[in-house]
Amino acid sequence: MEQVPVPAPEMPLAAAAVVRNETIAKEEAEEYRGVDRAVQRTWTISCRRASTATSVAAAASVIQGVFCRDMAAVSNLLSQVGFNRPIPINLLASDTRMMIRMQQSKMIMKTLPILTICSLMVWTAITTQVQAVEFEVTNEAVGTPGSTRFEKEVGIDYGKQTLQSASTFIWQTFKQAKNERKNIQRVRLIVRSMSGNAAASTSNDEISLNANFVENLSGDAKVPVTGVLYHEMTHVWQWNGNGQAPGALIEGIADFVRLKANYADPNWVQPGGGDKWDGGYGVTARFLDYLNGIKDGFVADLNRKMKDGYSENFFVELMGKNVNQLWTEYKAQCGG
Ligand SMILES: [Zn+2]
């Protein structure tokens, strides 16, 4: 369900004819959260409420609104009422609802029986708005010992599958609907010879795996490399508070995902370990896991809040206590 390949939306997509009123938009914004399944249900309900479309007479060059999601059905209906010219649209995802910004010099819409349209509106509505993600693996360190080990013990195909399965796992862990995710169409993994022994690094949608790190692993390289890929892939998809979140928390969340995927590094501290909540990596990951155990979905909610900014007060908002109190309780219960 996560990765059904979806063709690019075809023009004409005159979906923007259906502008629902603010009340509906707000109700939907309240409901439209959580996992994909819930979104599907909510959208069906929301659209049923929109029993008629609003007439639109727009002279402005840009119209923005919340729209019925069944592009194909709306387009079909519009063509029946004689509106079938191609309209360029850009899809914008916000964390609470999908919006369409439509550029159109002038248009006048008739009132449309949206109930009919929306009875057809189900899952495809969502998938038409999000492209499938492509995953690529390339080896730019061919001939080095680390690269040879990568090819033998991990492999390009397995690397690709892991990028895919890690992404699916991360979206589930973050409880993100498709339109809540970052708009990334392609993620690349490149095996490189990097200076030093760092395992990997990630910049936007590109992960670099250090061939030297692979070379120096003891035992089978596959499991630790998989763990590293879950961590790095989390960096691709997680929100970083628009650059304001502390690095230790970013790393802690990435290792929390790795922990939940059962790829924890055996060298990490045990639960309760560490001196401060923002010790980063395994220390912070264990702490987040403790909080997530108290409140299921805590990390998903925290990540969601980190989309546009960061405040330590997020812990208070989600857990009712500040992060230092929570750390003290964690140490009292789990620390040694
Ligand atoms: Zn990291």
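**Exercise 1. The neighbours of helix α10**

Find the helices against which the buried residues of α10 pack, and decide how enclosed α10 is.

*Solution.* The buried residues of α10 pack against four partners: α7, α9, α11 and α12 (298–305). Keep in mind as you look that this is a predicted model.

Step 1: list the buried residues. They are L249, I250, E251, G252, I253, A254, D255, F256, V257, R258 and L259.

Step 2: set that list against the length of the helix. Of the 14 residues of α10, 11 are buried, so α10 is largely enclosed by the rest of the structure.

Step 3: look at what comes after the helix. α10 is followed by N262, which has a positive phi, near 65°.

**Exercise 2. Checking the length of α10**

Work out what span α10 should have at 1.5 Å a residue, and compare it with the distance between its end C-alpha atoms.

*Solution.* Step 1: the expected span is 1.5 Å times one less than the number of residues. For the 14 residues of α10 this gives 20 Å.

Step 2: the end C-alpha atoms of α10 are 20 Å apart, which agrees with the expected span.

**Exercise 3. How α10 meets α11**

Describe the packing of α10 and α11 by angle, axis distance and handedness, then sort the contact residues by class.

*Solution.* Two packed helices are described by the angle between their axes and the distance between the axes.

Step 1: α10 and α11 pack at about 70°, and their axes are 7 Å apart.

Step 2: angles from 65 to 115 degrees count as roughly perpendicular. α10 and α11 are therefore roughly perpendicular to each other.

Step 3: the crossing of α10 past α11 is right-handed.

Step 4: name the residues in the contact. α10 supplies A248, L249, E251, G252, I253, D255, F256 and L259, while α11 supplies Y281, G282, T284, A285, L288 and D289.

Step 5: sorted by class, the contact of α10 with α11 has 8 nonpolar, 3 polar and 3 charged residues.

**Exercise 4. A second partner for α11**

Decide how α11 and helix α14 (residues 323–334) are oriented, and which classes of residue make up their contact.

*Solution.* Step 1: the two helices pack at an angle of about 90°, with 11 Å between their axes.

Step 2: α11 and α14 are therefore roughly perpendicular to each other.

Step 3: the contact is made by F287, Y290 and L291 of α11, together with L326, W327, Y330 and C334 of α14.

Step 4: the class count for α11 with α14 is 7 nonpolar, no polar and no charged.

**Exercise 5. An oblique pair**

Classify the packing of helix α7 (residues 156–173) and helix α9 (residues 222–237).

*Solution.* Step 1: the axes of α7 and α9 come within 9 Å and cross at roughly 55°.

Step 2: α7 and α9 are therefore oblique to each other.

Step 3: their crossing is right-handed.

Step 4: on α7 the contact residues are T162, L163, A166, S167 and I170, and on α9 they are T226, L229, Y230, M233, T234 and W237.

Step 5: the contact of α7 with α9 has 7 nonpolar, 4 polar and no charged residues.

**Exercise 6. Two prolines in one loop**

Place P266 and P271, and decide how exposed each of them is.

*Solution.* Step 1: P266 sits in the loop between α10 and α11. P271 is placed in the loop between α10 (247–260) and α11 (281–294).

Step 2: P266 counts as exposed because it has 7 C-beta neighbours inside 10 Å. P271 has 19 other C-beta atoms within 10 Å, so P271 is partly exposed.

Step 3: look for sequence-distant neighbours. P266 and P224 are 42 residues apart in sequence and 9.5 Å apart in space, C-alpha to C-alpha. P271 and G282 are 11 residues apart in sequence, with 9.1 Å between their C-alpha atoms.

Step 4: leaving out residues up to four places away in sequence, P271 touches R286, Y290 and C334.

**Exercise 7. Asparagines with positive phi**

Locate N204 and N242, and decide whether each is buried or exposed.

*Solution.* Step 1: N204 is in the loop between β8 (200–203) and β9 (206–210), and N242 is in the loop between α9 and α10.

Step 2: phi is positive in both, near 50° for N204 and near 55° for N242.

Step 3: N204 is exposed, with 11 other C-beta atoms within 10 Å. N242 has 11 C-beta neighbours inside 10 Å, so N242 counts as exposed.

Definitions and conventions: Residues are numbered from 1 along each chain as its sequence is written. This is a predicted model: local features need pLDDT of at least 70, side-chain atom pairs count only at pLDDT 80 or more; totals for chains, interfaces and linings use all residues. Axes are lines fitted to C-alpha atoms, for helices over the stretch in contact, and angles run from 0 to 180 degrees between N-to-C directions. Angles under 35 degrees count as roughly parallel, over 145 as roughly antiparallel, 65 to 115 as roughly perpendicular and the rest as oblique. A crossing is left-handed if the near helix is turned anticlockwise from the far one by less than a right angle, and right-handed if clockwise. Two residues are in contact if their C-beta atoms, placed from the backbone, lie within 7 Å. Ala, Val, Leu, Ile, Met, Phe, Trp, Tyr, Cys and Pro count as nonpolar, Asp, Glu, Lys and Arg as charged, and the others, Gly among them, as polar. A residue is buried if 20 or more other C-beta atoms lie within 10 Å of its own, exposed if 12 or fewer, and partly exposed in between; C-beta atoms are placed from the backbone.
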